[in-house]
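Work through these short exercises with the structure open. Try each task before reading its solution.

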Amino acid sequence: MDAKDRFHLTRFSYHNHLTAVVLDRETELPALLPLIYLQSWGLSRAINTVQQHMVSICQWYNYWQTKHNRSFDEMVFERDTYGASLLAPLNALDAALSDYAGFTGYINGGQRHADIGAETGLQFVISSATLDVRLGSLTQFFLFLVKRYVSSRYTGLNSREQKSLFDSYRFRFQSARRDACGRLSVRSRQSFKNTSGTQVIVRERSLTKQEMDAIVLCARPSTSRLANTLNPWQKHPDSSQIAKVQIRNYLVIRLLSNYGLRLGELLLLRTRSLIPYESGTGHALAVTTYEGNGDPRKVPPRLKNSWSERLVELAPEDVTLWEMYVEHLRGKPSHPFLLVNSRKNQAPLSIRAAQEIFDRLYEALDRHFPSLCRPEIGGTLITLNPHMFRFTWATETFQALVEKDSCDFEAAKDRLRQLGGWSDTSPMPQKYAARYIAKSANDANVRRVNGLRQQHRLSDSK
């Protein structure tokens, strides 16, 4: 970002929690609307998530300042000569919609020009993926403002009219984002609008049984009696580290797929997170935040929110794998975290190093199971990331709660919410309920079609 920009990003600590805010160089104070947004949404979030949003908002504020020679806050709180508001927040939101395409061109062009559109032919200086993230974060900020200012205090509308106006803004902002960037294919890093019209790519999805079986086959560690030639971690500069890396990575896959942990939760696990029951008949996994000062990682992982703290019962085979790794392979580093890198410093596993596990695993899947990964021969697994295991766990757990535990939908959603660390108001359990309904309906329809086919065969045989 240019040194002459009026707004810049700064980090600060709030109750021992690192966060970020947009700062105005002229006043040396935080910009008001981003500060309200941070207070309402971001104080409990991980620094990476907050910074991702604040970078986009900071770029928007500098774009607005460059084009209109005043801050976006001044537009929102504009008043007439008598001191009365002029429906200013809604006017500002309408102006933001008008300038959305211009902002796309601004960040695509390296933040050099504020008077160009998104289709000017300039050479782009950021990737399509980065642009998609920037616009997604900015759109969420605008929708927060819509929710805040589409109210009787600012509009004089009744509740039904407010809802209609809110839906209108939401549709227009989301449409502006789609028009400016489009959704992305994670593997090719190209927008969907640039891909073949016959190619369907899903970015967020569960893993099929066939895909999970292939992942387990590749991730399974070698033993003294049988080497797993599919395992992608066959070599290491220090040969004594090979078994450690293979078993550590297999433990990662087991914890993610069996218990639906988020990546940040996984990386925050300590050796003492495994807690035996007082009855002596099992163990629970304590997912908690870390309050100590011994995390040497440049970007420490964080829990998503306070609801993420929970106890999860572990299966005996996972307890055995955990204890074998801790007692015989982890070593004795100075920090308390469970997962350790394979370097001599024995630092805790970083977010980037954890993602590299899945990159290597996907390369092995692509090499040994091309029919699962390559679209040209029918594959649909176009990428692999840690959160896909959480999607899979949640989908299968909801199905088990309904079909095996005989829970009604509301009870199943409540239990899934508790197991997955979602808040009472989170819509995610409802999302998995909707997926279950859709899958059940599709399965029923397939059974109906198969039944009709069987009837036709019997009729033809007669």
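**Exercise 1.** Which residue of β3 does aspartate 24 stand opposite?

*Solution.* Note that this is a predicted model. Start with the strands: β2 and β3, residues 29-30, pair in the antiparallel sense. Two bridges join them. Now find the partner: aspartate 24 stands opposite leucine 29. Finish with the turn. Four residues lie between the two strands of this hairpin, and glutamate 28 has a positive phi near 60°.

**Exercise 2.** Describe the pairing of β1 with β2.

*Solution.* Take β1, residues 7-14. β1 pairs with β2 in the antiparallel sense, over eight bridges. One such pair is serine 13 with leucine 18 of β2. Next, look at the turn. Two residues separate the strands of this hairpin. Histidine 15, in the turn, has a positive phi of about 55°.

**Exercise 3.** Explain why β2 is largely enclosed by the rest of the structure.

*Solution.* Strand β2 spans residues 17-24. A residue is buried when its relative accessible area is under 20%. Seven of the eight residues in β2 are buried, so the strand is largely enclosed.

**Exercise 4.** Characterise the second largest pocket and its lining.

*Solution.* Begin with volume: the second largest pocket holds about 700 Å³ of space. Then count its lining, which has 27 residues. Nearest the centre are Asn341, Arg343, Leu349, Ala353 and Glu356. Sort the lining by type: eleven residues are nonpolar, seven polar and nine charged. Last, trace the helices. Both α9 (242-259) and α12 (351-368) supply at least two lining residues. The largest share, seven residues, comes from α12.

Technical notes. Residues are numbered from 1 along each chain as its sequence is written. This is a predicted model: local features need pLDDT of at least 70, side-chain atom pairs count only at pLDDT 80 or more; totals for chains, interfaces and linings use all residues. Side-chain values use heavy atoms; hydrogens and water are left out. Buried means under 20% relative accessible area, exposed over 50%, partly exposed in between (1.4 Å probe, protein chains only). Two strands pair if DSSP finds at least two bridges between them. On a 1 Å grid over the protein atoms alone, a cavity is a set of points where a 1.4 Å probe fits but cannot get out, and a pocket is an open set with protein on both sides within 12 Å along at least five of seven lines; lining residues have an atom within 4 Å of a point. Grid points are joined across faces, edges and corners, and a volume is the space filled by probe spheres set on the points. Ala, Val, Leu, Ile, Met, Phe, Trp, Tyr, Cys and Pro count as nonpolar, Asp, Glu, Lys and Arg as charged, and the others, Gly among them, as polar.
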